[in-house]
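Visitor: Please show me the model, and then let us go through its interior.

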Amino acid sequence: MATLGVLMRYKIGFEFPYLDQKHLQHSHSHFAFAGWLSHTLMVLMVYYLQTKIAVFSGEKYKNLIIANLICAYGMLVFFIIQGYGMISIIFSTASIVVSYVFAYRFNKDLKSLDSDLLAKNWFKAALFFNVISSLGTFYLAYMMASKNFVQDLYLSSVYYYLHFQYNGWFFFACMGLIFGFLNLRKPEHPFFESSFYLFAITCVPAYLLSILWLDLPVILYIITVLSALIQVYAWFKFVVILIKIRKNILQNFAPIFRYLLVFISFAFSVKLLLQLGSTIPVVSQLAFGFRPIVIAYLHLVLLAVISLFVLFFIYANQLFPITKKLKNGLILLTIGVVLNEIILAVQGISSFSYTIIPYTNESLFVVAIVLFVGIVLTTFYSKKSEK
């Protein structure tokens with residue numbers, strides 16, 4: 001995934017005639033979703049059940065997780081070779097089927113958890129949003145098969161899938177993991193449960209934030225603004241209450257984990273505020289009109305929030321021992337994420353006035369290398385620690 005990111009940035013900044021850029025992009029995005037995030041979240045969710053259910057075996061999920069990984073690598077290879085060809089579509093469809101089976105099986109096992117474990121609700125919602133996100137993919141397939149291609153419907157379907165993946169499946173799964181990790185329960189504070197309902201209720205209408213460039217009726221626009229406001233309120237109140245109740249929440253972690261938690265929380269706060277800001281019509285038109293802004297937003301969510309949280313959860317649970325060299329890899333990775341966001345933001349803002357910033361593509365290529373090195377160091381020293 002990181003290698004493809006470097007290759008795509010190299011093709012943009014320098015001459016490299018081999019391999020189709022669009023095919024690389026599809027391979028990169030499909031593997032990022034299925035092979036990295038979905039795969040890792042599935043494993044961590046099964047791990048959570050193992051820690052909470054006395055008589056539980058994760059073996060029944062083994063074949064499912066392997067099947068998902070096979071599908072992910074199939075998409076990685078064949079999207080590069082043929083783009084949206086028959087084999088890549090078969091692997092993509094099979095991946096969706098695997099997610100359905102996982103959702104069914106995991107939902108059944110969730111019934112064995114105590115009712116006051118709030119992580120249970122977040123996981124249920126995550127599975128639901130993962131399932132309905134596939135409707136966007138199926139509609140895209142229908143348009144391609146029928147050759148009835150409408151640009152607005154195409155973009156709406158793409159954003160539908162993306163929204164219910166990163167604001168639904170990824171976000172709710174991560175919240176379930178953090179609720180489980182911190183062992184947050186209903187009796188501790190009523191807003192812990194309320195925060196779930198606020199996010200769950202607003203997740204569906206928040207999809208409208210992704211299609212504000214359409215001519216939406218006034219009532220839908222009002223619902224969109226309210227959804228964005230409610231999510232900002234729910235998040236900041238949740239953080240304030242958590243800090244009050246768990247006063248030593250940061251002190252209980254090693255410095256690297258405190259650093260990651262603050263970084264992730266700040267990034268998600270920025271994401272929600274940007275989301276709210278996009279409800280201003282002028283801002284919305286500018287944001288959706290310039291590709292660097294969209295790319296910056298997607299990377300903010302997928303790298304700065306979801307990916308770094310997943311890494312935090314893995315190392316904070318000591319699934320891999322953390323060493324000084326591994327810490328350096330994590331810090332380098334976060335630096336790369338920040339630089340990537342800054343350069344993309346500058347590129348996007350300068351586009352508003354059609355100002356060309358020199359060496360932007362070259363800078364993004366260098367940042368892609370920083371991200372790549374950070375990921376390689378983190379992976380290498382995780383494996384080395386395991387031995």
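The questions below deal with disulfides and the nonpolar cores.

Guide: This is a predicted model, in which local features need pLDDT of at least 70, side-chain atom pairs count only at pLDDT 80 or more, and totals for chains, interfaces and linings use all residues. Residues are numbered from 1 along each chain as its sequence is written, and side-chain values use heavy atoms, with hydrogens and water left out.

Visitor: How many disulfides does the structure hold?

Guide: A disulfide is a pair of cysteine sulfur atoms within 2.5 Å. For cysteine 174, the nearest cysteine sulfur belongs to cysteine 203 and is 13 Å away, and cysteine 174 is in no disulfide. The number of disulfides in the structure is zero.

Visitor: Is cysteine 174 buried or exposed?

Guide: Buried means under 20% relative accessible area, exposed over 50%, and partly exposed in between (1.4 Å probe, protein chains only). The relative accessibility of cysteine 174 is 7%, so cysteine 174 counts as buried.

Visitor: Which helix gives the most to the largest nonpolar core?

Guide: A nonpolar core is a set of buried Ala, Val, Leu, Ile, Met, Phe, Trp, Tyr and Cys residues joined through side-chain atoms within 4.5 Å. The largest one has 107 residues, and Phe172, Phe179 and Phe312 have the most contacts inside it. Helices are DSSP runs (H or I, at least four residues), numbered from the N terminus. With 19 residues, the one that gives the most to this core is helix α11 (residues 291–316).

Visitor: How many residues are in the second, separate core?

Guide: Met8, Ala34, Leu76 and Phe79 are among its members. The residue count of this second core is nine.

Key. Helices (H or I, at least four residues) and strands (E, at least two) are DSSP runs, numbered from the N terminus.
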